[in-house]
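Welcome! Below is a short tour for anyone meeting this structure for the first time. Take a moment to look around before reading on.

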Amino acid sequence: MREAQRVATDQGQFVFMNPDDSQRFQPRRITLLIDRFMTHFIKVGGLAVIAAVMGIFVFIFWQVLPLFRGAEVSLVQELETGVPDALMLGVDQWTELPFVLDKEGQLHFIAIPSGERSVVPINLADDAQPSAFAHVPKTQQLAVGTDKGGFSLVDLNYAASFGDDEQRSIGQDVTVGKRYKGGLADVPVIALDYVDGESLKVAVLVQEADGKRVTHAVTLKQKRSLMGAGKVKVAGNQDISGELEGTPRFVRVGAGGQLIAVATDSGSICYLRRDGREFVKMQTFFPFADSATQEIASLDFLLGGNSLVVTNAAGVNRVFSLYMPAKDAERLFGQTKSFAPLPGAASAYAASQRNKSFLMASGETLSLRHGTTETVRWEAAQSYQAAHVALSSKHDRLLTLDQAGTLYLYKLHDPHPEAGMQAFFGKVWYEGASRPDYVWQSTGGSDEFEPKLSMIPLILGSIKGTVFAMLFAIPIALLAALYTSQFQHPRFRAVVKPTMETMASIPSVVLGFLAALWLGPLLENRVPAVLVFVITAPLASMLIGFLWTRMPPEVRVLCKPGYEFLIFIPVLIGCVCLAVWFGPILERAVFVVSDPETGAQVADFRRWWPDFWGGRYEQRNALIVGFVMGFAVIPIIFTIAEDSLSHVPRDISSAALALGASRWQTAFRIVLPTAAAGIFSAVIIGLGRAVGETMIVLMATGNTPIMDMSIFTGMRTLSANIAVELPEAPHSGTLYRALFLGAMLLFAMTFVLNTFAEILRQHLRNKYKTV
Amino acid sequence: MLQRQAAAGEPLVWLSSMGLATGIAMVIFLLGLILVNGISVFWPKRVVQLQVSEDGSERQLIGEIVKKQKQATSGDQEWQLYTANRDAFGHSFVYVPEAAIGEQSQPLDILKIERLEFGSVFGRALRIEQADAEPISLVGEADDPQLQEFVDEATALRAEVTEIEKSEIGRVNNRIERLKRKPANSAITAELASLTGEYEALAQKARKLRDLATQTHLIYEISDGRERSVAIGHIVSFYRPNAMGLSARCGRFLHNAKVFLLDAPREANTEGGVFPAIFGTVIMTIFMSLAVTPFGVITAIYLHEYARTGPLLTSVRIAVNNLAGVPSIVFGVFGLGFFVYFVGGGIDRLFFADTLPTPTFGTGGILWASLTLSLLTVPVVIVAAEEALSAVPRGTREAALACGASKWQTIQRVILPASLPGILTGMILAMARGAGEVAPLMLVGVVKLAPSLAINSSYPFVHLDQKFMHLGFHIYDLGFQSPDSEAALPMVFATTLLLIVVVVVLNLAGILVRDRLRRKYAGSTF
């Protein structure tokens, strides 16, 4: 007989083992290995949920981050052009062949990166000599004023060609057009500006005659037909000197030739607008009337030609835009933006061809600013004074040229100039608007469109939808939960809970479709009936309850406690019938407006509401959304609230009942406060669901991003906005990232709400443990 | 003994009962509304012929009565009539004031013809015109079998054309595509030439067959007396709505339901069936549950078997609840940014560089949609699986351990099998959630019309990169993006009914299994 031996295991337990059987009780190595591996594997798997949540947030945040970065500029190359005191700097669309214009009127093309130079003289027609120049980056043209008056257009004709080795090379083919007569004949042009607005082309020429400056607006017209572009002819030569107050210093043509702005020595800017065939003076204003230095140091248009960027000699930098100060008033210039001051007068200016950015040089400072968001995207002091600056048309390079003739090429990385805190969350004064506002309008018709990316109307829309949904959902869900858990006969609970959970599972696309195509048209002209129902249903239930309790016991026996809700289904139907019957009567009695055309009295709530409240009445409105989204939220609130109410220990409520409290008193004073945290978290979770609900709002509202809380207008929520715009948004563009920002806001909102609710629930769970 | 005096707060109890009654009434009403509207789509309606006299002129209208309603501005009663014949009238619906309607009848000889194009026809059949034979005149119901013969023949031809176009030409095309991507040499050029010849021959054959089906025409008369014709090859089916008895109408109802479930959509999705959408939904949901179940179960095992109470467990629970609470559209945004552009774009650059810039995986597809939805439904599985795990009695667990099983062996051999029904419940609930979700899918690969199914007969049979159709998106698209939403409404209701049935059945199954489990284990104490 073998002797058993007492062996202590590492857990401190004692087992009896046979010395020879030690092998038998030893687990196989592989079992232990698998066990250990699975332990780690499952731990990692479990923690992967945290990783997933964090990962989603971090990924979205990472996508959003570039929106809040400024521009990055780095010097790539310095090139000697050999042209000191140049008159102009321009660049092709590939940034491979910039040109510099010297004092003699010769174009120097400098190849990048080789630095090879080629010189092309400008030979004007009629033996005229160039006397003034203007650069038109959009069409890659120069407008050249001549000493004989009039002007010529010089086309640079940049073109890419591919050699045998498929290497791209950029060439130019400078062609000088005919001389257009304009202004005074045989008087040298000393300054000019030119805009090509396709069918309308306008040049403004400044000449000096008898010691006085004379300004002419020269209009060119080009007939266009199916056969192509026709001949360009001078269509007008208007002397606008009389309209100007003071000696012109800068002349600028903007908005496709529709307007002219002239800065004068006196510090005023005259604004002339094309009216029929003539330019008419609209306004004279002093942009720096309130500052110490009145003298205008620069005047330029932003992309699109509707906003003027002005600086004065002290470096104050402002933007003036055209807008209507009041309804039906003339569109006039007014100050809309004020930028951080430059160190001194601006010496060079270039407007981006892509967006509303502009680059300015002042002394040794270079500053890239954005005209919409009123921000300085990048600013840095250089070791030289830039005399000319240029921005590439792709907004990815910037070039500067100093007095000595050194060309500096910088790489510019500014993919999202329209973004920033101010653009997303602040009021922005957009071009053409009469005041700063929160606007979401991401796409527009033209290249010169300013994306308006304010998140505020979307956040407000989300809040609006949520508020109306919760107004509807909270009372019904909580009352139902209270009744189910406290009063209802237990035999119904097995049916009621699955029914409500089924309600939760109804896809929101179904609810959205019903809201938009069934409920919306149904309720459109039945708002008074809805009003009647909302008031009568609770009143009727209270009244019935009151009367019932006054009934003799013989009657009350008919409805056992816990069965009351069955009576209510016919009562509800009765309320609906009452509403349908009484609604139109109420409408005829109260909601009456007089028709402005016929003067007749019309009973129509849809017309009464705008008259009464001022807001519009839309078929797809917040009432519908609140109703249907409430429907989606009710089961969520109900389930959680019911759980927490029925988890309140029976002892507590039994004790209350035993002490003589009525069942309502027990439920309301004892059970409800005990489960308050759980109910609160139910409401919060419902709130989180309503905030992020997409399909219902997408389908049941008009998706117009508006800023009002009226119940009879639609809205656009953050979530619907993503669903509408993200499929069309180009990858990694500003809109794409802005929509990710919307998603991040949604995530953050619901994260806060859900975490709060979960902490509350855990707290509640611990509390019950001690009860 | 009942009290004489009512208990305090009794009216408020009644108020709270109203809350429940409202909730239940809404669910029942909503389901009823969808049920009635969804089912009535398939029921063949009677067609009425109306004499309408308006502004002194008389006209005849033939159509189905859609609804009778009060006119919005004048308040007069009016009828909405579905007149079909969109190609002849330019519209398919007409509103008629009730006052203008004179004589009404339901003539037996009216034919409803469903066509491949331009919707249906209400009219009287006159004759069949053939290219090289005498026209056959059709008089009454007795001639229907004759017409049916022609239609059957044309349908068979059409099926043959579809077969050629879809599978045979598709296969040849596939091979041509693959050859074109390879570096050119003489063998490949020769093969390409032979394949192109094959393609041409097949296309020729398809054209010939198609011509054959469209040579014969049915001439019919519409309500205003005009004669119109339709190629026999374009007729899907025809019947006499007013001549049908109850059994014939039931048969038609079943036929319509079958067409809806098994056919591909026609006419910008407003006619035909939703088979590709059903298929897409099912495949996507299956892929999703394949991805979500292991992940969810592992997390549940961690939460229930391995984690110790502490901040880590708390934060895992918070994470789970957040995954459940984050709006679905955010998952869509993440799916688009991460799966589609980041992962898919990466795969394209690594493995499909030769087809770039046309994306293969770098665009929405069924794989990315499934993965996105699996993230969304993980909490559902976790919660259900954890509940199932905790339902396994402690004694069972301890017995296994006492027998010397390791922790993993206990889980693997004892706990998991015991909680399998609960895990299944989680999977079913997740599938229900996934089947009903639309918003994230709109960003990661759902389309209104997918050219082919994600699983089909062409190599490699399972196409994870393919875009797909989805029932939920079908509802959205039909109701809101289609040019004639009035005409699409019946289809929307039918699709809605189908989706609701799928989701509710899945859910009820899940909930019932869960409740049964709860009851089973509620009483078991060791």
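The radius of gyration used here is taken over C-alpha atoms, and the globule rule it is compared with is 2.2 Å times the number of residues to the power 0.38. Please keep in mind that this is a predicted model.

**Chain B as a whole**

With that definition in hand, we can start with chain B. Its radius of gyration is 30 Å, while a compact globule of 526 residues would have one near 24 Å. The C-alpha trace of chain B spans about 100 × 90 × 40 Å along its principal axes. If you count secondary structure elements, chain B holds 13 helices and 13 strands.

**Where the two chains meet**

How many residues does each chain bring to the contact between chain A and chain B? Chain A brings 91 residues and chain B brings 81. On the chain B side, several helices supply at least two residues each, among them H6 (275-306), H7 (311-325), H11 (407-436), H12 (471-481) and H13 (485-522). The biggest giver to this side is H1(B), with 18 residues. Sorted by class, the side of chain B that touches chain A has 57 nonpolar, 21 polar and 3 charged residues.

**Two helices of chain B up close**

H8 (328-351) and H9 (366-391) of chain B also each supply at least two residues to the side that touches chain A, and these two helices pack against each other as well. Two packed helices are described by the angle between their axes and the distance between the axes. For H8(B) and H9(B) the angle is about 140 degrees and the axes lie 9 Å apart, which means that H8(B) is oblique to H9(B). The crossing of H8(B) past H9(B) is right-handed. On H8(B), the contact includes Phe331(B), Gly335(B) and Phe339(B), and on H9(B) it includes Trp368(B), Leu371(B) and Leu375(B). The contact residues of this pair comprise 7 nonpolar, 5 polar and no charged ones.

**The domains of chain A**

Chain A is divided by its domain assignment as follows.

| Domain of chain A | Residues |
|---|---|
| Domain 1 | residues 5-66 |
| Domain 2 | residues 72-441 |
| Domain 3 | residues 458-523 + 617-770 |
| Domain 4 | residues 526-590 |

How far apart are the centres of domain 2 and domain 3 of chain A? Taken over C-alpha atoms, they are separated by 56 Å. Even so, 6 residues of domain 2 of chain A are in contact with 7 residues of domain 3 of chain A. The domain 2 side of this contact has 4 nonpolar residues, 1 polar residue and 1 charged residue.

Note on methods. Residues numbered from 1 in each chain as written. Chains lettered and ligands numbered in written order. Predicted model: local features only at pLDDT ≥ 70, side-chain atom pairs only at ≥ 80, totals over all residues. Domains from an automatic or database assignment. Contact = placed C-beta atoms within 7 Å. Nonpolar A, V, L, I, M, F, W, Y, C, P; charged D, E, K, R; others polar. Helix = DSSP H or I, 4+ residues; strand = E, 2+ residues; numbered from the N terminus. Axes fitted to C-alpha atoms, helices over the stretch in contact; angles between N-to-C directions. Parallel < 35°, antiparallel > 145°, perpendicular 65-115°, else oblique. Left-handed = near helix turned anticlockwise from the far one by under 90°.
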